[in-house]
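I opened this entry to keep track of what I looked up, one topic at a time. The sequence and the model come before my notes.

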Amino acid sequence: FQPKLLAGKRVLITAGPTSEPIDPVRVISNRSSGKMGYAIARAAQEAGAHVTLVSGPVALETPYQVRRINVETARQMHATVMSQVDDADIFISVAAVADWYVSNASDIKIKKTSEQATPNLQFSPNPDILAEVAALKNGPFCVGFAAETDNLIEHAQAKRQRKNVPLLVANLAQRAMNADDTELVLFDEQGHMHWPAQDKLLAARQLVQNIAQRL
Ligand code: C5P
């Protein structure tokens with residue numbers, strides 16, 4: 001017998017990368033398979049939640065009975081999350097959101113004019129979706145993710161405070177990226193706790209249980 005820990009709860013999840021156009025045929029993106037976010041969407045649905053998954057471009061099947069909204073850019077992800085967040089009890093931000101978009105993207109394909117010439121791209125910052133949701137009055141319970149390549153503990157602790165989220169989940173980017181298993185470290189106001197490497201779906205189920213206990 002599995003108790004439905006999130007029965008009736010509404011969970012909003014972002015997953016996958018965002019994709020920022022340079023021109024109609026080229027993009028700048030982040031490395032993210034979407035596996036962790038999709039596993040969490042599945043685990044939350046299994047736990048009885050109504051799940052909305054705002055997804056960047058990934059090659060994964062939509063989990064059973066999960067409502068999926070596809071987006072490409074961070075600005076689209078931001079607008080979609082803001083339009084859905086009023087209904088959410090829990091927001092889990094797993095997406096690898098691009099920090100910048102190309103502000104001088106071209107409407108037509110940029111031509112190679114010579115062997116040496118390279119385009120001058122200009123960047124503007126994307127909105128920080130998680131920080132914005134975490135700052136909402138009467139907003140959902142927020143969970144952030146952080147993929148770090150180094151100094152995981154310090155960076156993740158600082159990120160939790162900067163984004164002002166009660167729970168931040170960190171993993172080592174080199175290990176987790178595109179892998180089927182992951183080693184998570186959970187940071188909250190008490191400190192941090194390390195879970196051994198496990199399959200992403202098992203980690204997702206454990207995380208959903210952990211979140212349910214915090215509500
Ligand atoms: O990119 P960064 O390491 O700051 O991401 C930490 C958390 O913030 C992740 O949960 C990510 O989904 C979220 N984020 C966001 N909007 C951004 C950048 C990150 O929601 N523009």
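**Around the ligand**

I began with the ligand and found 13 residues around it, of which S93, V97, I129, L130 and G144 come nearest. I then asked which elements give two or more residues to this shell, and they are α3 (129-134) and β9 (141-148). The largest share, three residues, comes from β9. I also sorted the shell by class: seven residues are nonpolar, four are polar and two are charged. I keep in mind that this is a predicted model.

**The UniProt record**

I looked up the "binding site" positions next. The unreviewed UniProt entry lists D99, K109, P127, D128, I129, L130, F145, K159 and K163. These positions span 65 residues in sequence, and their farthest two C-alpha atoms are 37.4 Å apart, so they do not all gather at one spot.

**Two of the listed residues**

I picked L130 and K159 from that list and checked each in turn.

L130 sits in helix α3. Is L130 buried or exposed? I noted 25 other C-beta atoms within 10 Å of L130; the cut-off for a buried residue is 20 or more, so L130 is buried. Leaving aside neighbours within four places in sequence, I found L130 in contact with S93, C142, G144, K163 and V165. Of these contacts, S93 and G144 are also among the residues that come nearest to the ligand.

K159 belongs to helix α4, residues 152-163. I noted 19 other C-beta atoms within 10 Å of K159, which is partly exposed. Not counting residues up to four places away in sequence, K159 touches G144, A146 and L168.

**The sheet**

I turned to the strands. In which order do the eight strands of the open sheet lie? I read the order as β5-β4-β1-β6-β9-β10-β12-β13, with mixed pairing. The edge strands are β5 (67-70) and β13 (191-194), each of which pairs on one side only. On average, neighbouring strands are turned by 15° against each other, direction ignored.

As background, I wrote down that strands of a sheet pair through backbone hydrogen bonds, either parallel or antiparallel. I then took one pair as an example: β4 (residues 50-55) and β5 pair in the parallel sense over four bridges. V54 stands opposite I69 in β5.

**A helix across the sheet**

Last, I checked helix α6, residues 200-214. Helix α6 lies across β6 (90-93), β9, β10 (167-172) and β12 (185-188). I noted that α6 runs at about 160° to β10.

Definitions and conventions
Residues numbered from 1 in each chain as written. Predicted model: local features only at pLDDT ≥ 70, side-chain atom pairs only at ≥ 80, totals over all residues. Near = placed C-beta within 6 Å. Nonpolar A, V, L, I, M, F, W, Y, C, P; charged D, E, K, R; others polar. UniProt positions renumbered as here; feature names shortened; annotations may be inferred. Buried ≥ 20, exposed ≤ 12 C-beta atoms within 10 Å, placed from the backbone. Contact = placed C-beta atoms within 7 Å. Pairing = 2+ DSSP bridges. Axes fitted to C-alpha atoms, helices over the stretch in contact; angles between N-to-C directions.
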